[in-house]
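Reader: Thanks for sitting down with me over this one. Could we go through its contacts together?

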Amino acid sequence: MADLVRMQAIDKRFPGVHALRAVHFDLAPGEVHALMGENGAGKSTLMKCLAGVYQPDGGRIEIDGAEVDLPSPKAAQDHGIGIIHQELALMKDLTVAQNIWIGREPRRSFGRLDEGKLNADTAALFAGMNIAMDPTTPVEGLTIARQQMVEIAKALSFRSRVLVMDEPTAALNDAEIAELFTIIRQLRAEGVGIVYISHKMDEIRRIADRVTVMRDGAYVGTVDAAGTPIGKIIAMMVGRELTDETAEIPDLSGAETALEVRGIRRGRELRDISFSLKKGEILGFAGLMGAGRTELARAIFGADPRDAGEILVHGRPVAIQRPQDAVRAGIGYLSEDRKHFGLALGMDVRANIAMASLSRHTGRLGQLDEAALAAHARDYIATLRIRTPSDRQEVRLLSGGNQQKVVIAKWLLRDCDILIFDEPTRGIDVGAKAEIYRLLQRLAADGKAIIVISSELPEVLRLSHRIAVMCEGRLTGFLPGGPATTQEEIMHLATLRPDITSEGAAA
Amino acid sequence: MSDAATAPKPASRGLGAQQKIWAFASLIVLLVFFSIASPNFLQTTNILAVLQATAVNGVLAIAVTMIIITGGIDLSIGTLMTFTAVTAGMILTNWGLPLPLGVLGAIGMGAFCGLISGTLVTRMRIPPFIATLGMMLILKGLSLVVSGTRPIYFNDTPGYTEIAQGSLIGDIFPAVPVPNGVLILFLVALVMAWVLNRTVLGRYCFAMGSNEEAVRLSGVNTTRWKTAIYALGGGICGIAGLLISSRLNSAQPALGLGYELDAIAAVVIGGTSLAGGRGSILGTVIGALIMAVLLNGLRILSVAQEWQTVVTGIIIIAAVYLDMLRRDKSAV
Amino acid sequence: MSDAATAPKPASRGLGAQQKIWAFASLIVLLVFFSIASPNFLQTTNILAVLQATAVNGVLAIAVTMIIITGGIDLSIGTLMTFTAVTAGMILTNWGLPLPLGVLGAIGMGAFCGLISGTLVTRMRIPPFIATLGMMLILKGLSLVVSGTRPIYFNDTPGYTEIAQGSLIGDIFPAVPVPNGVLILFLVALVMAWVLNRTVLGRYCFAMGSNEEAVRLSGVNTTRWKTAIYALGGGICGIAGLLISSRLNSAQPALGLGYELDAIAAVVIGGTSLAGGRGSILGTVIGALIMAVLLNGLRILSVAQEWQTVVTGIIIIAAVYLDMLRRDKSAV
Amino acid sequence: QDKLYIPLISKGFQHQFWQAVKTGADKAGTELGVEVSFEGPDNETQVDRQIDMLAAALAKKPAAIGFAALDSQAAIPLLKQAQENKIPVIAFDSGVDSDIPVATAATDNLAAAALAADKMAELIGGSGKVALVVHDQTSRTGVDRRDGFVNQMREKHPEVEIVDIQYGAGDQLQSTEITKAILTANPDLKGIFGANEGSAIGVVNGVTELGRKDVVIIGYDSGAAQKAAIKSGVMAGAITQNPIGIGYETVKAAVAAAKGEPVEKVIDTGFYWFDKTNIDSPEIAAVLYD
Ligand SMILES: Nc1ncnc2c1ncn2[C@@H]1O[C@H](COP(=O)(O)OP(=O)(O)OP(=O)(O)O)[C@@H](O)[C@H]1O
Ligand SMILES: Nc1ncnc2c1ncn2[C@@H]1O[C@H](COP(=O)(O)OP(=O)(O)OP(=O)(O)O)[C@@H](O)[C@H]1O
Ligand SMILES: O[C@@H]1[C@H](O)[C@H](O)CO[C@H]1O
Ligand SMILES: [Mg+2]
Ligand SMILES: [Mg+2]
């Protein structure tokens, strides 16, 4: 049987970057083919060539054995190729349903829209995916995770024969991932060919049939997913073996308190949250989507207003109204949405790394110490292995994972005492992830107080000295970090909704 | 139609609705204030004069509303209006052709020039501000060239002044001699509100204003649609050209510059965002009414002209500020 | 300073540099064309006249360049220029205070009005287009109010005309009597280029234009910085006000409207993006020169006024198109 | 409360010329005990804005109305409305092509510009190149002054060549740059006519900035700068209208018409040539403004 898709010797150059060097890739009907590689390996670029977004500089693309030309996304769609892009591409002012059917909305005569059918079709689509979402909600108000679900629904709605998923689960929690996998298996059974890109190694075992690995824009090899040890795949990706270390939990009984949060409240999103954080401690925040962890972080950081609540840094109350107050008090916040809240995409790597620290490199007349900024940028490019041609490259031209590293570098340079990392490894490859874990541990060892919000339970367990769990805007409990705690314990607290009796007692 | 009734409203309109109410509140405040301040304000003739004064700016503002919702701008609407008026003048007065051809010619020329602006913006990727700034100058010059720098009068086309000044409604109900110009404004508003909220074209306006790249990646030919939207805007400028020249019984070739800012101000007062992605025709009409009421009221109160300018500036800012106040602080 | 010499150029300028070269190419083409077309074009006096004609628009364009780089706009620059000129007139002529106070007063008033615009934009979250459109009207009215709708002459302050018309350079090198107005333009350009490329204020301009929320979440007081940028722009408008009133030996209260579009056109021709995040002062100066050369050349060739307008429109579009052509297709 | 109310809708507002008209109107208002208001669009292209102003003025139920039409035909429906409501209309500054106005107080711009042409020919010695800097390409006053000057030259002074006519919107700065360009292109130019105050000042500035002393400048209207230029000899002379008189006579006629008294159909407010020699004479000084 002919391959559904066959990409041969695909070449693609960008100014200053040879992103793809003679890459091969093929996809059979009814298989899930994982595409793996470090950040910047060229996975997204390869798939954009298949989706008609980029035109390859060399090589050929065959569909059902016939060579095709894909000059536009539309052309790719016409060949039955659908893609979920790594970066969300939604229209925030439109509703969920309007987003899903953009360009294909049900019409009546004179170009009139059939809004009723549009919403009904969407409701049906969501029902099939087991998602509870109102088709008429504006996308603007949705969290990233829910936006990701909309993207997935949109891709499914095409009923494509080839479905490319570029890190679809980066923003999803375990339950949602399980839901997605059910859908993928169903599609596979229907004969759809699925390209699956992810940095989560465990997912490969669970869903992939074959794995193709890329490194530095080149094809490394294709292996059978079931028969190949994960360690081997990782070695193919990074070109070396990685050793996995687990967290050692330091004794913090004598450490002084760095951050204390008392009674933070805002509407229904944050309900009376108090906790404290010691110097040298890594406090993990676990919870389901919508639990309010991001909201809490933003409220502490002064990015959003609070209804009530006190924040003490090193025992002294600080009035945090705006982010600059927080930063002045020594708190840094790395947002979960780097594109909107973390980066000035049109500026270069150096400027982005320096963004939070300019005041420290400014002379009497306001002139900047460029030499120092350049030196810092090059340091972090080296230590975090940011894949970029130079510190002058515009950040928007970096791969997603490398962009994330730039944001991390920004906060490392600022050198805050208290750091809040919201999904710090979202979109980051295994090698880099391990580096970031080590980095966080080193920072903690240096006496920084760290909060890590993560939707990946293994990550929370692996990193945290202590775990806080939230559910629906409440802090439902703390668990010790390390191997003693299980995922089930966390899930129990994460779903611990206030029961009728306690509500009644409070009243 | 049952589905229209059962279908939940699109979000873009949901938001728009609130904004409209706020602009509407500003309008009511102004109306009440002027009615109390001057007994002359609330006369039928004056109300009709205000409506008549709204017509041209209102139609222009509607033309640019759609374009602004796509995230663009059109600075050429004022001089394009003039150019279409001159076109009608050429067709009717200089060539002596019948009235309907003049009407079609003005609208067609407007659409054609809009098509050029649209092409500059989409295919040649010139930022809308610059493409239409250039068109503004080109059309200003061409109006003078074509007309020989002289007004063209429509004395030989007696029906021409009826376009804006006659009153079909008044013919039927003599008590409310609403001029046709006002009728046309409301018709254009109705049709365009329908286009914006119920048709594919309208949907793409909002979508492109929200995230054009995402729309393109969804396989929509954004180039073609956006060009069409500029052409449609141009066609509506043609209607404004007919209105103003009918009102003045002449195509005044030097007029037009500055009208674009008034129209854009009306659009923004009406709650449409210059960043694109949200807006409404009803809001725009209310915005245009606010500006006309304000100017008329200040004149009726005999406020000194230099102070009229100051007050207008303050009210424009205040109206938009009111709108901001009620918006969610975190909304961008 | 060694670090300035060794530091590689920031990317915003890296891109900017190329753009400048393109705008520069357009300028050269125009210069060559007019030199061939008219033997009178390339005389020292005419070159000085062109430079002199660039001064006011150039300074205004520099004022708004920074603001545009933050992603904003300032439509009030023209009438603010007038208001600062009137302020200088009040101080010097009506109150009879010494020249330096007039200069400081004009610049201070400019900065103060810019501060108000900035506050409207930042603290009151009014879109810059509307906030400064309102300010444009308010300042236009206030200029008339304050001056009593009459020009204020500087006959009692003999040094005043020297500000723009004298020639410090000519005093030293009589062969090149470059007027002070031109000197001031280049000084303002130099200082502002330094501010934009070498200081923290400039860095925040680009950063806020690129992603303001990200800058805010980096702990930067964006409200304060942005307000400061509008105030700085206003102060530079004050310099423009001094230049124009020195050249006319009077503050003309009715002038100013329309100057903002010329200035913005110069900025965009010079390669600064209205979307914010990229731009350069050198580009702006070249843009202003292009416009002055173009107008001067067309006038010397006695091109009919209406065609001058058409040609200006075409050149504005063409200059920006050239710039687009070389840009990466995928760039936004 | 019973004071008669008389609005004047003019062609402009910010120009000193119009401010002088306003001064005359206010003066008459005070003397005759009537309430006067004065309003006009920003520039002379805004025909429809003027119509809106006229509409608002009519809504105030005035006793009579003064009107300087930007385009006389465009205003006819509203003028008819005034007639129906028995509101007398006095045309000022330029006429209205209609018999509705009961009186017209205006300057004959064609004749005035022809006088400027005669003076120019005389001052340059009957032959040579001259140019015009005009304030507006389309407005009645701009067109009349241009045509009056050009036609008179053609008919009476064929030796004088008009090499260039450019338009500077009455903006001093623009007119300055235009003048410099004209002089650059025509180094042997003998004279320039500036067709209104702003244009004339621009011409003076341009000639001064180029350091030329040999160019004959003829201006139009007055104003402090123009008067100074004439006194210092930079400007040879200028035509002035009688703006204060126009304003005064308009209000006076309006009051009379409102009271049903007879008014003269045509009130010629005249125009005058003034130069160094007569600028301080009482007749001239009375029609000049600062
Ligand atoms: N438009 C572009 N211009 C310049 N360089 C680009 C462009 N797009 C991608 N690149 C570069 O090409 C390389 C491959 O990027 P790509 O996005 O394909 O990586 P990826 O494998 O998807 O990484 P990640 O896992 O981080 O998403 C990177 O070095 C990136 O910086
Ligand atoms: N089903 C939903 N529909 C609409 N809005 C929701 C929904 N779930 C959550 N939200 C919004 O998101 C807010 C907090 O969600 P958020 O996802 O930021 O929390 P989180 O715990 O940080 O989760 P995440 O894992 O996504 O970071 C909620 O208070 C609510 O406003
Ligand atoms: O003379 C005046 C003024 O100069 C004005 O600029 C135009 O109208 C004329 O009548
Ligand atoms: Mg990728
Ligand atoms: Mg979150």
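Reader: How many residue pairs are in polar contact between domain 1 of chain A and domain 2 of chain A?

Author: Happy to start there, bearing in mind that this is a predicted model. Salt bridges do not contribute between these two domains of chain A, as their count is zero. For polar contacts, with both residues at pLDDT 80 or more, the count between domain 1 of chain A and domain 2 of chain A is three residue pairs.

Reader: Which helices of chain A each supply at least two residues of the side of domain 1 that touches domain 2?

Author: That side of domain 1 of chain A divides into nine nonpolar, five polar and six charged residues. In chain A, the helices that each supply at least two of its residues are α5 (144-157), α6 (174-189) and α8 (230-238).

Reader: What area do domain 1 and domain 2 of chain A bury between them?

Author: The contact involves 20 residues of domain 1 of chain A and 14 residues of domain 2 of chain A. Carbon and sulfur atoms carry 56% of the buried area, and the total for domain 1 and domain 2 of chain A is about 1300 Å².

Reader: Now to chains B and C: how many residue pairs are in polar contact between them?

Author: Here 39 residues from chain B and 41 residues from chain C take part in the contact. The two chains bury about 3600 Å² between them, with 85% of it on carbon and sulfur atoms. Salt bridges between chain B and chain C number zero, and with both residues at pLDDT 80 or more, the count of pairs in polar contact is also zero.

Reader: Which helix gives the largest share of the side of chain B that touches chain C?

Author: Let's look at the candidates: α6 (128-147), α12 (259-269) and α14 (305-326) of chain B each supply at least two residues of that side. By residue type, the side of chain B that touches chain C divides into 28 nonpolar, six polar and five charged. With 14 residues, the largest share comes from α6(B).

Reader: And ligand 3: which residue has a polar side-chain atom 2.9 Å from an oxygen atom of the ligand?

Author: The surroundings of ligand 3 include H15(D), W18(D), E44(D), D93(D), R145(D) and N196(D). A polar side-chain atom of E44(D) lies 3.2 Å from an oxygen atom of ligand 3, and for D93(D) the corresponding distance is 3.1 Å. At 2.9 Å from a ligand 3 oxygen, the residue you are after is N196(D).

Key: Residues numbered from 1 in each chain as written. Chains lettered and ligands numbered in written order. Predicted model: local features only at pLDDT ≥ 70, side-chain atom pairs only at ≥ 80, totals over all residues. Heavy atoms only, no water. Contact = heavy atoms within 4.5 Å. Buried area = accessible area lost by both parts, 1.4 Å probe. Salt bridge = Lys/Arg side-chain N within 4 Å of Asp/Glu carboxyl O. Polar contact = N/O pair within 3.5 Å; in protein donor to acceptor, adjacent residues only side chain to side chain. Helix = DSSP H or I, 4+ residues; strand = E, 2+ residues; numbered from the N terminus. Nonpolar A, V, L, I, M, F, W, Y, C, P; charged D, E, K, R; others polar. Near = heavy atom within 4 Å.
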